[in-house]
Amino acid sequence: QVQLVESGGGLVQAGGSLRLSCAASGTRFSINAMAWYRQAPGKQRELVAHITSGPTTTYLDSVKGRFTIVRDGAKNTVYLQMNSLKPEDSAVYYCNAEISQVGIGMKVYWGQGTQVTVSS
């Protein structure tokens, strides 16, 4: 079993910055790709940023130029640096990882979510 533990959410004023972290832990696994999703009240969950093992990155159009996803392979951790935050960025942010495990194959895991609130 693999666990994803997120940290770094909180309350920030518009224009401010936050950095989210997501660390994967477990035994005998390798990470294929990691991503950050978000879900605001009454809205569907959406993909914010994605990073492969290449690494190749992709971003939601509305966060391009403001958010950066970075992966530390040695620590099995992915970060989301969020700058120039806007009130519309407020949501619960979820970490996601595609993980291969011996005897299990590939499986998608989710973190518990961390709240990001941007005040105007």
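Me: Rings of Phe, Tyr and Trp (its six-membered ring) count as an aromatic pair if their centres lie within 6.5 Å; planes under 30 degrees apart are stacked, over 60 edge-to-face and the rest tilted. How many aromatic pairs does a search of the whole structure find?

Reply: The search finds one. The model is predicted: local features need pLDDT of at least 70, side-chain atom pairs pLDDT 80 or more, while totals for chains, interfaces and linings use all residues. Residues are numbered from 1 along each chain as its sequence is written, and side-chain values use heavy atoms, without hydrogens and water.

Me: Why is Arg 45 said to lie over the face of Tyr 94?

Reply: A charge sits over a ring if NZ of Lys or CZ of Arg is within 6 Å of the ring centre and within 35 degrees of the ring normal. Arg 45 is 3.8 Å from the ring centre of Tyr 94, so the distance condition is met. Arg 45 also lies over the face of Trp 110, at 4.7 Å from that ring centre.

Me: What makes strand 4 and strand 9 a pair?

Reply: Strands (DSSP runs of E, at least two residues, numbered from the N terminus) pair if DSSP finds at least two bridges between them. Strand 4 and strand 9 have 10 bridges, in the antiparallel sense, and therefore pair. Trp 36 has Cys 95 in strand 9 as its bridge partner.

Me: How do you know that strand 4 and strand 5 pair?

Reply: Their six antiparallel bridges satisfy the requirement of at least two. Tyr 37 has Leu 47 in strand 5 as its bridge partner. The two strands form a hairpin with six residues between them, and Gly 42 in the turn has a positive phi of about 80°.

Terms used. Helices (H or I, at least four residues) and strands (E, at least two) are DSSP runs, numbered from the N terminus.
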